[in-house]
Amino acid sequence: MKNLQVDIDQHSGFCFGVVYAIEMAEEILDQEGYLYCLGDIVHNDEEVKRLTQKGLKIIDHGDLYGLKDEKVLIRAHGEPPSTYQLAIQNNLTLIDASCPVVLKLQNRIKNSFDKEEPIYIYGKHGHAEVIGLLGQTNNEAVVFQDINELDLPSLPKNLTLYSQTTKSTDKFYEINQTLRENGISVNTNDTICRQVSNRDKELREFVSRFDKVIFVSGTKSSNGKVLFNVCKERNSNTYFVSNPNELEEAWFNFGDRVGICGATSTPMWLMEQVRERILTF
């Protein structure tokens, strides 16, 4: 035994939007035994596996066209208006677990679109939340992941800037500043969820206290990739795992202080399983 001291970051784990969606899903699963969910309910394979074993059926938008007279969960990322229109046509009951922060952002973007403002969204191309945001603009808004994607001289002299809720606040304000320095008048809308954006500062402080850090996340989680890099920058002895089976005993030395943390899509029960496995080394 290596006499390892292992602590879990109590600030890690599901954000409130994910907790809300999973609680809604479990309540219906307990009552009815099955429930359709449009896309992975959370970007964590282990949590999805747990819920599918309880009866959750993951479907995509293609499946939705052929589905009628059923209940379908809308996950925290939100959906574009076209999904709601299809639900009416197919007599689907939508269990809407869209995160309140995302819904507020969708409404603000829709209002800007109705005013015919040029809308630019700082976000990840193809991300479920971003697809829902684009839908509020009839897919006319411009989405960019990096300021370098934009041809600054050709941009409108007045534009409205939004952000995906899980992006970095620092990066968002850097983009805002760059636009202004290029003579562009920016109507800036800070729509970033602070519960998510504050995680990077909390994690920097957390990982600095340990010899080794285990970051637990699903490989599909964009939030997980960002936060893992935050941890790795502060503590180079940070390792990424998706489940306890990926742990390697060789990572640890006798008496190491080990910290476990994760993404906003990482369940606490999974981090606890990782802790139990480490304690067997």
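Contact here means heavy atoms within 4.5 Å, and angles run from 0 to 180 degrees between N-to-C directions. With these terms in hand, the report describes a predicted model, beginning with the chain as a whole and then taking its sheets in turn.

**The chain as a whole**

The chain holds 11 helices and 12 strands. Its radius of gyration is 21 Å, close to the 19 Å that the globule rule gives for 281 residues, so the chain is as compact as a globular protein of that length. Along the principal axes, the C-alpha trace spans about 65 × 55 × 25 Å. Buried residues account for 53% of the 281 residues, and the accessible surface comes to about 13,200 Å², with 46% of that area belonging to carbon and sulfur atoms. Of the contacts between residues at least 6 apart in sequence, 71% join residues at least 24 apart.

**The sheet containing β2**

One open sheet has 4 strands in the order β3-β2-β4-β5, and their pairing is parallel. Strands β3 (56–59) and β5 (93–96) stand at the edges with a single partner strand each, so one side of each is left without a neighbour in the sheet. From one strand to the next, the twist averages 35°.

Strand β2 (residues 35–38) is joined to β3 by 4 bridges and to β4 by 2 bridges, and in both cases the strands run parallel. Residue Y36 takes part on both sides, since its bridge partner is K57 in β3 and V72 in β4. In a regular strand the side chains alternate between the two faces of the sheet. In β2, L35 and C37 point one way while Y36 and L38 point the other way, and all of these residues are buried.

Two helices are described in relation to this sheet. Helix α2 (residues 45–53) belongs with β2 and β3 to a right-handed β-α-β unit, whereas helix α4 (residues 81–89) lies across β2, β4 (71–74) and β5, running at about 145° to β5.

**The sheet containing β6**

Another open sheet of 4 strands has the order β7-β6-β8-β9, again with parallel pairing. Its edge strands are β7 (142–144) and β9 (185–188), each of which pairs on one side only, and the twist averages 30° from one strand to the next. Strand β6 (residues 119–122) and strand β8 (residues 158–163) run parallel and are joined by 4 bridges, with T160 in β8 as the bridge partner of I119. Helix α5 (residues 100–114) packs on the sheet, touching β6 and β8, and its direction makes about 165° with that of β8. Helix α7 (residues 169–181) lies across β6, β7, β8 and β9, at about 170° to β8.

**The β10 and β11 pair**

Strand β10 (residues 212–216) pairs with strand β11 (residues 238–241) in the parallel sense over 4 bridges, and V213 stands opposite T238 of β11. Together with helix α10 (residues 222–234), these strands make a right-handed β-α-β unit.

**Helix directions against strands**

The table gathers the helix angles described above.

| Helix | Strands in contact | Angle |
|---|---|---|
| α4 (residues 81–89) | β2, β4 and β5 | about 145° to β5 |
| α5 (residues 100–114) | β6 and β8 | about 165° with β8 |
| α7 (residues 169–181) | β6, β7, β8 and β9 | about 170° to β8 |

Methods: Residues numbered from 1 in each chain as written. Predicted model: local features only at pLDDT ≥ 70, side-chain atom pairs only at ≥ 80, totals over all residues. Heavy atoms only, no water. Pairing = 2+ DSSP bridges. Rg over C-alpha atoms; globule rule 2.2 N^0.38 Å. Buried < 20%, exposed > 50% of the residue type's maximum accessible area, 1.4 Å probe, protein only. Areas by Shrake-Rupley, 256 points an atom, 1.4 Å probe, with all protein chains shown as cover. Right-handed = clockwise from strand over helix to strand, strands pointing away.
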